[in-house]
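Hi everyone, thanks for making time. I'd like to walk you through a model that will be new to most of you, so let's put it up on the screen.

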There are 4 protein chains.
Amino acid sequence: MKILNILGSSRKEGNSEILSEQALSDLQYKKVCLAEKNIKPVVDKRHSKEGYSIVLDDYEELLTDLFNHDIYIFTTPLYWYGMTGPMKNFFDRWSQYLRDERFDFKAEMSKKKAYVIVTAGANPKIEALPLIQQFEYIFKFVNMEFVDYILGQGNLPGDVRVDKAAMSKALLWNQTFSS
Amino acid sequence: MKILNILGSSRKEGNSEILSEQALSDLQYKKVCLAEKNIKPVVDKRHSKEGYSIVLDDYEELLTDLFNHDIYIFTTPLYWYGMTGPMKNFFDRWSQYLRDERFDFKAEMSKKKAYVIVTAGANPKIEALPLIQQFEYIFKFVNMEFVDYILGQGNLPGDVRVDKAAMSKALLWNQTFSS
Amino acid sequence: MKILNILGSSRKEGNSEILSEQALSDLQYKKVCLAEKNIKPVVDKRHSKEGYSIVLDDYEELLTDLFNHDIYIFTTPLYWYGMTGPMKNFFDRWSQYLRDERFDFKAEMSKKKAYVIVTAGANPKIEALPLIQQFEYIFKFVNMEFVDYILGQGNLPGDVRVDKAAMSKALLWNQTFSS
Amino acid sequence: MKILNILGSSRKEGNSEILSEQALSDLQYKKVCLAEKNIKPVVDKRHSKEGYSIVLDDYEELLTDLFNHDIYIFTTPLYWYGMTGPMKNFFDRWSQYLRDERFDFKAEMSKKKAYVIVTAGANPKIEALPLIQQFEYIFKFVNMEFVDYILGQGNLPGDVRVDKAAMSKALLWNQTFSS
């Protein structure tokens, strides 16, 4: 089972990344920082004659990563009660790839397993719930299994280390991934 | 009361824009299409010594629009069960402007009134609810009044015109704005 | 199409009932006030050997009503951000009837169409959303179509009459039911 | 800090009760099984001249328990995507006690801390979220701190013991309560 960690943060070593590293400690995995990639917003061409055309940015490389891994760990700080903008643009482009004739995107996605890690400064246990519900809809649309999520609390960098429930749940994930 | 229509769509004359035009028919207002603007993703610098610096994109112009209007109508198609990526980047940058010394962003926002229009092809009445809850949190954070929202249904361009409940609610808004 | 209006209120002529009457004006329908019925809480016997036994209260009569109608309009004021206790007990008992050998409850329910009317004093547009999501799950579980819902605002008796959006949506329903 | 465990289950030794016992292991606390109490549904008399009158059931005794404890652990299986009917009737009556002249119910409640334990057979991590949002609104209304919640999975009696994340979170609570 090959693991891909898809990071939405705009900042390195933030609290959400710390939680992910706890979950992935001593494991082999690939980390992709969406904020470092050039990902253009989708342009909706579902109803135009010419359809979608290949977009010249870093998404082709992301597609290879998506297809070549089995487990996705989506890690995002809670920005304005949602995933970060770069992660949203990442998902929005799926509308294009669902119609891409080079592959059956939905069929590919339906084989994957999704995990979600969200951190927030104030009250993630409540305020991140709409985002979790959004992820549920996203994964269900492509028949991807939504295995589990962790909501961690932390404001200053490193704070999440004292969120015992979040850290110990990340450790449980680590044991599952290792076995 | 000056009205600003903030559009998240990537496509012109989509269903969400049709609903907005129904709500704003015969009124003076300014329309801003976020997808046509250059809006960079926020880079979180809350915890860095140098803090945020001015970003060279179209946001300065958007700030002027935000400050100069009283009513905001946020119009977005439901992309992957959320607002569009460009609209998400638009909100993410508020983190920066909350810390901008040129103005008191939160105090300015707290004087505004927010309306939301969302359309989706499948089942907006249920599937857009996490997004509405996200908007509620966003507006509450800056003490902006969240006056009302419309959830419209439409897949093919123009479909929303047969969503009687959505269209007639837009008309009610129009009467309120006109009076 | 025979219509059953299932009322959760503990008070007569409350705002939610007013909205229902607007939706059902000049139509033939049966109204059932759950608060006037003797409905015992479910006793979970899924895991006991003897299974469920017939409960001596008014539910047998309710079952006849459920089976004999095609459209259900569930009307409830928002009590503590949920349906009223009597309506909750009404649904809880479905666990028993799903295992009742006299009929195939789920198959029967899957033929019905559900409408929901909720009123609240403060901010139903936001605060009733978890309840709407709960109804969505309930109806989906028995494959009942969740056609639509109305969220009305009103505190003092009669207040909802000035909630134009809610009243006009009820009128739209009335036109649909009449045609 | 005196602990009150308020149980909504209709069945003894269910999965939600097992989780609560894990959280409360070796601690002194009082357990109240709402299903064993006579709790009448509220009758809304906010708008009637005579107002509420004292109801002859077991709630007076519950009030004493509520006032005499500092921490409430609300434990409920997920029945039809919500709290159980008896627990709903328990909360509905708060509308009456908010207007009771013998005490300042809201002020009393605002001193308490709330914990919530929910178990479900299928997918509590997603399907219990509307209920968690409902609890959030309930506690916020009376200014009670909503400290944390656990969502446990289990269908057959005892199943929840293999939900490691839930069980270990209950253990963390236990350590907090003990210290």
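I'll talk about one chain's annotation, then one interface, then some salt bridges and a few single residues.

Before anything else, please keep in mind that this is a predicted model.

Let's begin with chain A. The UniProt record, an unreviewed entry, puts a feature called "domain: Flavodoxin-like fold" at residues 1-165 of chain A. And what does the model show over that stretch? Over residues 1-165, chain A is 33% helix and 20% strand. The C-alpha atoms at the two ends of the stretch sit 26 Å apart.

Now, the interface between chain D and chain A. How many residues are in contact there? On the chain D side it's 17 residues, and they touch 18 residues of chain A. Between them, the two chains bury about 1400 Å², and 67% of that is on carbon and sulfur atoms. If you want to know where to look on chain D, go to K125(D), I126(D) and L172(D): they lose the most area to chain A, and together they account for 34% of what that side buries.

Which elements of chain D do the touching? The ones giving two or more residues to that side are α6 (124-127), α7 (129-141), β5 (145-153) and α8 (164-178) of chain D. Sorted by class, the side of chain D that touches chain A has ten nonpolar, two polar and five charged residues.

With charged residues in there, you might wonder about salt bridges. The count between chain D and chain A is zero. Polar contacts do turn up, though: four residue pairs between chain D and chain A, with both residues at pLDDT 80 or more.

Elsewhere there are plenty of salt bridges to look at, because the count over all chains comes to 64, taking a Lys or Arg side-chain nitrogen within 4 Å of an Asp or Glu carboxyl oxygen. I've picked a few.

The first one on my list is in chain B. The side chains of K140(B) and E136(B) form a salt bridge, at 3.4 Å from N to O. Why would these two be in reach of each other? Both are in helix α7 (residues 129-141) of chain B, and because they are four residues apart there, about one helical turn separates them. K140(B) is partly exposed, at 45% relative accessibility, while E136(B) is buried, at 13%.

Next, over to chain D, where D92(D) and K88(D) form a salt bridge, with their closest N and O atoms 2.6 Å apart. They also sit four residues apart, about one turn, in helix α3 (residues 85-92) of chain D. Are these two buried or exposed? D92(D) is buried, with a relative accessible area of 1%, and K88(D) is buried too, at 3%.

Another one in chain D joins the side chains of D100(D) and R102(D), at 2.8 Å from N to O. Here D100(D) counts as buried at 15% relative accessibility, whereas R102(D) is partly exposed at 44%.

There's also a network that crosses chains: R11(A), D44(B) and R46(B) are linked by salt bridges.

That brings me to D44(A), over in chain A. You'll find D44(A) in the loop between β2 (30-33) and α2 (59-67) of chain A, and it's buried, with a relative accessible area of 8%. The side chain of D44(A) makes a polar contact with the side chain of R11(B), at 2.9 Å. Leaving out residues up to four places away in sequence, D44(A) touches Y52(A), S10(B), R11(B) and Y79(B).

Last topic: backbone angles. E13(A) isn't a glycine, yet it has a positive phi of about 55°. It sits in the loop between β1 (3-7) and α1 (15-23) of chain A, and at 40% relative accessibility E13(A) counts as partly exposed.

Y81(A) is another non-glycine with a positive phi, this time about 65°. Look for Y81(A) in the loop between β3 (71-77) and α3 (85-92) of chain A. Y81(A) counts as buried, at 11% relative accessibility.

If you take one thing back to your desk, make it the interface: about 1400 Å² buried between chain D and chain A, with a salt bridge count of zero. That's my tour, so over to you.

How values were computed:
Residues are numbered from 1 along each chain as its sequence is written. Chains are lettered from A and ligands numbered from 1 in the order in which they are written. This is a predicted model: local features need pLDDT of at least 70, side-chain atom pairs count only at pLDDT 80 or more; totals for chains, interfaces and linings use all residues. Side-chain values use heavy atoms; hydrogens and water are left out. Contact means heavy atoms within 4.5 Å. Buried area is the accessible area (1.4 Å probe) that two parts lose on being put together, summed over both. A polar contact is a pair of N or O atoms within 3.5 Å; within protein, one must be able to donate a hydrogen and the other to accept it, and residues adjacent in sequence count only if both atoms are side-chain atoms. Ala, Val, Leu, Ile, Met, Phe, Trp, Tyr, Cys and Pro count as nonpolar, Asp, Glu, Lys and Arg as charged, and the others, Gly among them, as polar. UniProt positions are given in the numbering used here, feature names are shortened, and annotations may be inferred rather than shown by experiment. Buried means under 20% relative accessible area, exposed over 50%, partly exposed in between (1.4 Å probe, protein chains only).
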